Amino acid sequence: MQGKMSILLVDDDEAANFLNSRLIERVNEDVQVNSVLNGKEALAYLAGTYPNSSPEGLDKMIIFLDINMPVMDGFEFLEALEISEGIDVSNMSIIVLSSSVNDRDVARAKSHQIYDYISKPLTKDKVRHILNETMKN
Amino acid sequence: MAQSAQEFQVKASFLYNLTQFTNWPKEAFASPESPLIIGLYGENPFDSFLEELIIGEQSRGRPLMVRHFSNIRDVASCHILYIRGIPELKEKEILDWCGQYHILTVGESDHFIRHGGMIRFINVENKIKFQINATAAKRSPLRISSKVLRLSEMVDENSDEM
């Protein structure tokens, strides 16, 4: 894989974050995977103010975003990101990863700048496909 | 509550990760090349998902294998045993039997921990959580990584609430 890539998991389910991190590392051990528990922490991570966050210098960042989260949910995160200053979104691909297959949720998510909307759980095939597709862009 | 395919994919994924984050004593294996066996006793909710998940995977150089059991006397060969859909008394009998071997028992019945089972799946607000029987974990020669322990709720098999 070309360039330095990192993945940020945004989900309040710590067990899911653990399992998904392991899964991604099995598909590509060179990808750096981090996780945060809600949209607010994700914004702080992207702004570089979250502990151990280092989004600068990455050629590509993929964000797997859950919708239903406390503090700041996925929709609120997408809205906040669009009006944020100082966060470079040009190298980001946001993939909504949700249990919800509700048409309204899908449409609402797709009204924002997201790369894709996929259903949980994450699988090796889904990760492989996303890594391949996003690296083409 | 109906249990979804998604839920069982998460559980299968967790079983796989237990093979990566648990240490078994060497006596648990017949030889250095022996496979690490995930056993299923009772209902198999995974269809073929678990088998597909572990294809080509290893644990510290050992190949992984899934086996289905229906006789308590056969489970000695496995390293993880997932028990589901078994009547309470039979489940207790299986757990007692497993206690003499190096088997990490995983289940989900209400009485699983009270009967000495080591890890229980629970569903909390549509999220799969893990309970670990602190007493059984301490008693066992198996060592579960702190990475897994951190994600889990430690419970006591002697607690009245179990």
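Which residue in β4(B) does Gln58(B) stand opposite? The tour of this predicted model begins at that position and then proceeds to the cysteines of chain B, the contact between the chains, and a lysine of chain A.

**The sheet of chain B**

Select Gln58(B) together with Pro63(B): these two residues stand opposite each other, the latter lying in β4(B). Extend the selection to β3(B) and to strand β4 of chain B, residues 62-69; the two strands pair in the antiparallel sense over 2 bridges. Next, display the whole sheet to which they belong. The sheet is open and has 8 strands with mixed pairing, in the order β3-β4-β2-β5-β6-β7-β8-β10 (chain B). Its edges are formed by β3 (58-59) and β10 (153-155) of chain B, each of which pairs on one side only. Now add helix α3 of chain B, residues 88-98, which packs on the sheet. This helix touches β2 (36-42), β5 (80-84) and β6 (104-107) of chain B, and its direction makes about 170° with that of β5(B).

**Two cysteines of chain B**

Select Cys78(B) and Cys98(B) and show their sulfur atoms. The cysteine sulfur closest to that of Cys78(B) belongs to Cys98(B), but at 6.2 Å it is too far for a bond. Cys98(B) likewise is in no disulfide, its nearest cysteine sulfur being that of Cys78(B). Over all chains, the structure holds 0 disulfides. Cys78(B) counts as buried, at 2% relative accessibility, and Cys98(B) is also buried, with a relative accessible area of 2%.

**Between chain A and chain B**

Turn to the contact between the chains, which takes 13 residues from chain A and 18 residues from chain B. The area buried between them is about 1300 Å², with carbon and sulfur atoms giving 59% of this. On the side of chain A, select Phe18(A), Leu19(A) and Arg26(A): they supply 42% of the area that chain A buries against chain B, more than any other three residues.

**Lys120(A)**

Finish at Lys120(A), in the loop between β5 (116-119) and α5 (124-136) of chain A. Is this lysine buried or exposed? Its relative accessibility is 16%, so Lys120(A) counts as buried. Show the side chains around Lys120(A): a polar contact of 2.8 Å joins its side chain to that of Asp11(A), and another, of 3.4 Å, joins it to that of Asp66(A). Beyond its neighbours within four places in sequence, Lys120(A) is in contact with residues including Leu97(A), Ser98(A), Ser99(A) and Lys126(A), as well as Gln6(B).

Terms used. Residues numbered from 1 in each chain as written. Chains lettered and ligands numbered in written order. Predicted model: local features only at pLDDT ≥ 70, side-chain atom pairs only at ≥ 80, totals over all residues. Heavy atoms only, no water. Helix = DSSP H or I, 4+ residues; strand = E, 2+ residues; numbered from the N terminus. Buried < 20%, exposed > 50% of the residue type's maximum accessible area, 1.4 Å probe, protein only. Polar contact = N/O pair within 3.5 Å; in protein donor to acceptor, adjacent residues only side chain to side chain. Contact = heavy atoms within 4.5 Å. Disulfide = S-S within 2.5 Å. Pairing = 2+ DSSP bridges. Axes fitted to C-alpha atoms, helices over the stretch in contact; angles between N-to-C directions. Buried area = accessible area lost by both parts, 1.4 Å probe.
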